[in-house]
Amino acid sequence: TDILVVLQVRLIMKAHSFIRENVPRVLSSAKDKSGTVHIPRISQYLYFLFAPTLIYRDNYPRNPTIRWGYVATKFAQVLGSLFYAYYIFVRLCIPQFRNSSQETFNLRGLVLCIFNSILPGVLILFLVFFAFLHCWLNAFAEMLRFADRMFYK
């Protein structure tokens, strides 16, 4: 359910950007009574929905070709990150909680369990950031030939 909430927030932010960019154009053409209103095409809106950006433009800088080797490398890195996160869970997190579930509850055991889970949790957080923000978004940017890749600025 958390993934659905994140996707809905992303779509709401994209819809807000689309509306904020296009409504002033429509209102100014209605005020001028020019008769020609530049409304974005459906293809422009669909490209915006899948492009790794939250700022709507009618046209984005595009690369001339898709580097499929680069896309495969990024998806392999996502897959490797998932396997590494699974390994961290199996080796470092699950044994901690399995041992604590068989003992009677005490505050010392809870604190030790939490402190022993901090480092694996931070590692998994870094893996999620790397896998999604770097690998996943760059792979989709390459497949869409999206040239503006200043994700970190």
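A salt bridge is counted here when a side-chain nitrogen of Lys or Arg lies within 4 Å of a carboxyl oxygen of Asp or Glu. In this predicted model, Glu142 and Arg67 pass that test with their closest N and O atoms 3.0 Å apart. Glu142 sits in helix 4 (residues 107-143) and Arg67 in the loop between helix 2 and helix 3, so the bridge ties together stretches that are 75 residues apart in sequence. The two partners are not equally covered: Glu142 is buried, at 1% relative accessibility, while Arg67 is partly exposed, at 44%.

Glu142 also has plenty to touch besides its salt-bridge partner. Leaving out residues up to four places away in sequence, Glu142 is in contact with Asn63, Thr65, Ile66, Arg67, Tyr70, Val71 and Arg149. A little further along the chain comes Arg145, in the segment after helix 4. Its backbone is worth a quick look: phi of Arg145 is near 60°, a positive value in a residue that is not glycine. Most residues other than glycine have a negative phi. Arg145 is partly exposed, with a relative accessibility of 27%.

What about the other charged pairs? Side chains of opposite charge can pair when their charged atoms come close. The structure holds 3 salt bridges, and one of them joins Glu21 to Arg57, at 3.2 Å from N to O. Glu21 belongs to helix 1 (residues 2-32) and Arg57 to the loop between helix 2 (42-50) and helix 3 (68-102), so this pair connects parts that are 36 residues apart in sequence. Both ends are partly exposed, with Glu21 at 31% relative accessible area and Arg57 at 38%.

Asp58 and Arg25 make a salt bridge too, with an N to O distance of 2.8 Å. Here again distant parts of the chain are linked, since Asp58 is in the loop between helix 2 and helix 3 and Arg25 is in helix 1, 33 residues away. Asp58 counts as partly exposed at 21% relative accessibility, where anything under 20% would have been called buried. Arg25, at 25%, is partly exposed as well.

Helix 1 also has a packing partner in helix 2. The buried residues of helix 2 are Gln44, Tyr47, Phe48 and Leu49, and these pack against helix 1. An α-helix has 3.6 residues a turn, so residues three or four places apart point the same way.

Next, the empty space. Rolling a probe the size of a water molecule over the atoms shows where such space is left. The second largest pocket has a volume of about 190 Å³. Its lining is made up of Val78, Ser81, Leu82, Ala85, Ile124, Leu127, Val128, Ala131, Phe132 and Trp136. Helix 3 and helix 4 are the elements that give two or more residues to this lining, and helix 4 supplies the largest share, with 6 residues. Sorted by class, the lining of this pocket comes out as 9 nonpolar residues, 1 polar residue and no charged ones.

Ala131 is a handy residue for looking at this pocket up close. It is one of the lining residues, belongs to helix 4 and counts as buried, at 11% relative accessibility. Once neighbours within four places in sequence are set aside, Ala131 is in contact with Val78, Ser81 and Trp136. Val78 is 53 residues from Ala131 in sequence, but the C-alpha atoms of the two are 4.9 Å apart in space. Val78, Ser81 and Trp136 also appear in the lining of the second largest pocket.

Finally, the cysteines. A disulfide is a covalent bond between the sulfur atoms of two cysteines, and a search of the whole structure finds 0 of them. Why is Cys93 unpaired? The closest cysteine sulfur to that of Cys93 belongs to Cys113 and is 8.9 Å away, which is too far for a bond; the cut-off for a disulfide is 2.5 Å. Cys93 is buried, at 9% relative accessibility. Cys135 is buried too, with a relative accessible area of 0%.

Definitions and conventions: Residues are numbered from 1 along each chain as its sequence is written. This is a predicted model: local features need pLDDT of at least 70, side-chain atom pairs count only at pLDDT 80 or more; totals for chains, interfaces and linings use all residues. Side-chain values use heavy atoms; hydrogens and water are left out. Helices (H or I, at least four residues) and strands (E, at least two) are DSSP runs, numbered from the N terminus. Buried means under 20% relative accessible area, exposed over 50%, partly exposed in between (1.4 Å probe, protein chains only). On a 1 Å grid over the protein atoms alone, a cavity is a set of points where a 1.4 Å probe fits but cannot get out, and a pocket is an open set with protein on both sides within 12 Å along at least five of seven lines; lining residues have an atom within 4 Å of a point. Grid points are joined across faces, edges and corners, and a volume is the space filled by probe spheres set on the points. Ala, Val, Leu, Ile, Met, Phe, Trp, Tyr, Cys and Pro count as nonpolar, Asp, Glu, Lys and Arg as charged, and the others, Gly among them, as polar. Contact means heavy atoms within 4.5 Å.
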